[in-house]
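Colleague: I would like to learn how to read a model like this one, feature by feature. Please put it on the screen and we can go through it together.

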Amino acid sequence: MTELPTSGAPEVVYREGLAAGELRYQRCRSCTTAVFPPRVLCPGCGGEELAWHRSAGRGTTYSTTAVRSRAGAHNVVLVDLDEGFRMMSRVDGVEPDAVTIGGRLDFAVVEEAGEPVAVFREVRS
Ligand SMILES: [Zn+2]
């Protein structure tokens, strides 16, 4: 596993990753816990040595919720990434209430209002 030679505030490093089309996460050098969302201290052991890594962007849908508003409907999902961390995101390309729990997902970056946003798409098998 290659560490990224990057430093700075966790949120900034994460956003820079998205802008480059990458999903970045941290792993604790002490206890090897995968850490997400990015932070300063390891939630597992309190260690301060969190190294940055690039996720392969493959994961599985852990849970999904359809959210409806006047602007329309979208889904909110929790994704278990293969590297061992869980993140909140959404799945594009399917109806909001048709996301499959346990389905395989691929990471993508889309731009919304000039900001890169992390989304996922279902992998058809
Ligand atoms: Zn740790």
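Colleague: How many bridges join strand E7 to E9, and do the two run parallel or antiparallel?

Modeller: Keep in mind that this is a predicted model. Strand E7, residues 91-92, is joined to E9 by two bridges, and the two strands run parallel. One of the pairs to look at is Val91, whose bridge partner in E9 is Phe120.

Colleague: Which residue stands opposite Phe120 on the E8 side, and how many bridges join E8 to E9?

Modeller: Phe107 stands opposite Phe120 of E9. E8 and E9 run antiparallel and are joined by eight bridges. Phe120 is thus a handy place to start, as Val91 is also its bridge partner.

Colleague: What should I look for in the hairpin of E8 and E9?

Modeller: Look at the turn and at the sign of phi. Two residues lie between the strands of this hairpin, and Ala113 takes a positive phi near 55°. Ala113 sits in the loop between strand E8 (104-112) and strand E9 (115-122). That phi is a positive value in a residue other than glycine.

Colleague: Is Ala113 buried or exposed?

Modeller: Here a cut-off is needed: exposed means over 50% relative accessible area. Ala113 has 87%, so it is exposed. Gly93, in the loop between E7 and E8, has a relative accessible area of 74% and is therefore exposed.

Colleague: Which residue should I compare with Gly93 when I look at distance in sequence and in space?

Modeller: Take Glu122. The two are 29 residues apart in sequence, while their C-alpha atoms are 7.7 Å apart in space. A second pair to inspect is Ala20 and Val109: 89 residues apart in sequence and 8.9 Å from C-alpha to C-alpha. Ala20 belongs to the loop between H1 and E1, and its relative accessible area of 52% is why it counts as exposed.

Colleague: In what order do the three strands of the open sheet lie?

Modeller: To read a sheet, write down the strand order and then ask which strands have a partner on one side only. The order here is E2-E1-E3, with antiparallel pairing. The edges are strand E2 (34-35) and strand E3 (50-54), each of which pairs on one side only. Helix H1, residues 10-19, packs on this sheet and touches E1 and E3; its direction makes about 135° with that of E1.

Colleague: How many bridges join E1 to E3, and which residue in E3 stands opposite Gln26?

Modeller: Five bridges join E1 to E3, and Gln26 stands opposite Trp52. On the other pairing, E1 (residues 24-28) and E2 share two bridges in the antiparallel sense, with Ala34 in E2 as the bridge partner of Arg27. As for burial, E3 is mostly covered, with four of its five residues buried.

Colleague: Which loop residues here have unusual backbone features to check?

Modeller: Check phi and omega. Thr32, in the loop between E1 and E2, has a positive phi of about 65° although it is not a glycine. In the loop between E2 and E3 we find Pro37, and the peptide bond from Phe36 to Pro37 is cis, with omega near -5°.

Colleague: Which residues coordinate the zinc ion?

Modeller: For a metal site, list the donors, then look at their spacing and angles. The zinc ion is coordinated by the SG atoms of Cys28, Cys31, Cys42 and Cys45, at 2.2 to 2.3 Å. Along the chain, these donors follow the spacing C-x2-C-x10-C-x2-C.

Colleague: Why is the arrangement of the donor atoms called tetrahedral?

Modeller: The ideal angle for four tetrahedral donors is 109.5 degrees. Around this zinc ion the four donor atoms subtend angles of 105 to 116°, so the arrangement is tetrahedral. Accessibility can be read for the donor residues too: Cys42, at 3%, counts as buried, whereas Cys45, at 42%, counts as partly exposed.

Colleague: Where does UniProt place the C-terminal OB-fold domain?

Modeller: An unreviewed UniProt entry places "domain: ChsH2 C-terminal OB-fold" at residues 52-106. In the model, that span is 0% helix and 62% strand, and its end C-alpha atoms lie 20 Å apart.

Terms used: Residues are numbered from 1 along each chain as its sequence is written. This is a predicted model: local features need pLDDT of at least 70, side-chain atom pairs count only at pLDDT 80 or more; totals for chains, interfaces and linings use all residues. Side-chain values use heavy atoms; hydrogens and water are left out. Donors are N, O and S atoms within 2.8 Å of the metal (3.2 Å for Na, K and Ca); water is not among the atoms, so sites may look incomplete. Four donors count as tetrahedral if all angles lie between 85 and 135 degrees; four count as square planar and six as octahedral if opposite donors are over 155 degrees apart and all others between 65 and 115; anything else is irregular. Buried means under 20% relative accessible area, exposed over 50%, partly exposed in between (1.4 Å probe, protein chains only). UniProt positions are given in the numbering used here, feature names are shortened, and annotations may be inferred rather than shown by experiment. Two strands pair if DSSP finds at least two bridges between them. Contact means heavy atoms within 4.5 Å. Axes are lines fitted to C-alpha atoms, for helices over the stretch in contact, and angles run from 0 to 180 degrees between N-to-C directions.
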